[in-house]
Amino acid sequence: SFEMTKPIKKLISETQKKDRYELDLDTRGVEDLLDIPEIFKCIKVTRLTLSHNRLPALPPNIIDLSNLESLNLFDNHIEELPSTISGLLRLKHLHLGM
């Protein structure tokens, strides 16, 4: 819903404006990253935390976040990852599981 994504969009906007390298969206009720397409413009982000959400999948355009070194997807509902994830050449830490 829009009300849920408003604070998330504000956080993403601040991340971009201040050239932050970390984006923490832990426990935000996110169900689909495509609902917040702004996330894929945060190309400087090296750490993305999406733990404790309701994500059933990761969209293929996760590849747009080419500087990602750490991706935390702990406690979601992800059953498979897109093949594009192998294109994240800097990714060192991928946290899955419950």
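Colleague: What share of the contacts with a separation of 6 or more comes from residues 24 or more positions apart?
Modeller: That share is 39% in the protein chain. Keep in mind that this is a predicted model.

Colleague: OK. Which helices and strands does the chain have, and in what order?
Modeller: The protein chain has one helix and four strands. Starting at the N terminus, the order is α-β-β-β-β. The radius of gyration is 12 Å, close to the 13 Å from the globule rule for 98 residues, so the chain is as compact as a globular protein of that length.

Colleague: And what box do the C-alpha atoms fill?
Modeller: Roughly 30 × 25 × 20 Å along the principal axes.

Colleague: How much of the chain is buried?
Modeller: Buried residues are 35% of the 98. The largest nonpolar core has 23 residues, and L33, I39 and L48 touch the most other members.

Colleague: What does L48 touch, leaving out residues up to four places away in sequence?
Modeller: L48 touches L23, I39, I62, L65, L68, S70, L71 and N72.

Colleague: Now T49. Where is it placed?
Modeller: T49 is in strand β2, which covers residues 47–49.

Colleague: Is T49 buried or exposed?
Modeller: Buried, because its relative accessible area is 12% and the cut-off for buried is under 20%. Apart from neighbours within four places in sequence, T49 is in contact with L23, D24, L25, D26 and N72.

Colleague: Different topic: how many charged side chains are there, positive and negative?
Modeller: There are 13 positive and 15 negative side chains, with the centres of the two sets 9 Å apart.

Colleague: What about the accessible surface?
Modeller: About 5,800 Å², with 53% of that belonging to carbon and sulfur atoms.

Technical notes:
Residues are numbered from 1 along each chain as its sequence is written. This is a predicted model: local features need pLDDT of at least 70, side-chain atom pairs count only at pLDDT 80 or more; totals for chains, interfaces and linings use all residues. Side-chain values use heavy atoms; hydrogens and water are left out. Helices (H or I, at least four residues) and strands (E, at least two) are DSSP runs, numbered from the N terminus. Buried means under 20% relative accessible area, exposed over 50%, partly exposed in between (1.4 Å probe, protein chains only). Contact means heavy atoms within 4.5 Å. A nonpolar core is a set of buried Ala, Val, Leu, Ile, Met, Phe, Trp, Tyr and Cys residues joined through side-chain atoms within 4.5 Å. The radius of gyration is taken over C-alpha atoms; the globule rule is 2.2 Å times the number of residues to the power 0.38. Accessible areas come from the Shrake-Rupley method with a 1.4 Å probe; for residues, only the protein chains shown count as cover. Lys and Arg count as positive and Asp and Glu as negative; His and the chain ends are not counted. The place of a charge is taken as NZ of Lys, CZ of Arg, CG of Asp or CD of Glu.
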